[in-house]
Amino acid sequence: MGPDAPVSGPKTPPPFPEATDDTAERQAMMALYARATRAELEAAVERFSPLPRVRKLRPPEAGLVMVQGRTGGDGAPFNVGEATVTRAAVQLEGGATGVSYMLGRAPEKAEAAAILDALWQDPALTLAVNDALAPIRRRLAAEEAAAAAEAEATKVNFFTMTRGDD
């Protein structure tokens, strides 16, 4: 049997069977909420006014989490310290549940992100939520381009430098 031959027997399920493309997309949305400002998230929520009835499953609350690091990126984990995190969970009238975790003490931002998360999960509103978040994406892209341009300006190309002993 060659290395490309199929293996017989039962297949082992993936460690996280729920991890699908939708999960990766939702993770990207959560990252976007975390990088947005409170005003940007609240403006996005305002676009869906009047909102369906929102039930707070977990009102915004701040707490601490332990932050771990690794020496060299792949060494043994060690505790770096604690970070403040705000979390919230809401449920919309239609049944969609949204959650958020934000670095720092930001109860209003966490609640707005949880509402947007719940709205985004409604297939009828997914495109509208993405459209409401477009200004945030544009701002973040512009900031990343500016940082890349600043880094590029300090780049030294050693292949084009002359040695001086010619």
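Here are some short exercises on the structure above, each with a worked solution.

The model is predicted, so local features need pLDDT of at least 70, side-chain atom pairs count only at pLDDT 80 or more, and totals for chains, interfaces and linings use all residues. Residues are numbered from 1 along each chain as its sequence is written, and side-chain values use heavy atoms, with hydrogens and water left out.

**Exercise 1. Find the order of helices and strands along the protein chain.**

Step 1: Know what to look for. Helices (H or I, at least four residues) and strands (E, at least two) are DSSP runs, numbered from the N terminus.

Step 2: Count them. The protein chain has 5 helices and 3 strands.

Step 3: Read along the sequence, and you get α-α-β-β-β-α-α-α.

**Exercise 2. Work out which residues of helix α2 are buried, and how they are arranged.**

Step 1: Set the cut-offs. Buried means under 20% relative accessible area, exposed means over 50%, and partly exposed is in between (1.4 Å probe, protein chains only).

Step 2: Go through α2, which covers residues 38–46. Its buried residues are E40, L41, A44 and V45.

Step 3: Look down the axis of α2. The buried residues fall within an arc of 135 degrees, so they line one face of the helix. The arc is taken from the directions from the helix axis to the C-beta atoms.

Step 4: Turn to the face pointing away from the buried side, where you'll find the exposed residues A39 and E46.

**Exercise 3. Check the span of helix α3, then see how covered it is.**

Step 1: Get the expected span, which is 1.5 Å times one less than the number of residues.

Step 2: Apply that to α3 (residues 107–121). Its 15 residues should span 21 Å, and its end C-alpha atoms are 21 Å apart, which agrees.

Step 3: Check the cover. In α3, 12 of the 15 residues are buried, including I115, L116 and W120.

Step 4: Look at T126, which sits in helix α4 (residues 126–132). T126 counts as buried because its relative accessibility is 18%. Leaving aside neighbours within four places in sequence, T126 is in contact (heavy atoms within 4.5 Å) with L119 and W120.

**Exercise 4. Trace the salt bridges of E61 and E108.**

Step 1: Start with the idea. Side chains of opposite charge can pair when their charged atoms come close. The rule for a salt bridge is a side-chain nitrogen of Lys or Arg within 4 Å of a carboxyl oxygen of Asp or Glu. By this rule the count is 10.

Step 2: Take E108. E108 pairs with R38, with their closest N and O atoms 3.9 Å apart. Because E108 lies in helix α3 and R38 in helix α2, the pair ties together parts that are 70 residues apart in sequence. R38, E42 and E108 are linked in a network of salt bridges.

Step 3: Take E61. E61 has a salt bridge with R58, at 3.2 Å between the closest N and O atoms. E61 also has one with R87, where that distance is 2.9 Å. E61 lies in strand β1 and R87 in strand β2, so this pair joins parts that are 26 residues apart in sequence.

Step 4: Check the cover of E61 and its partners. E61 is partly exposed at 35%, R58 is partly exposed at 35%, and R87 is partly exposed at 29%.
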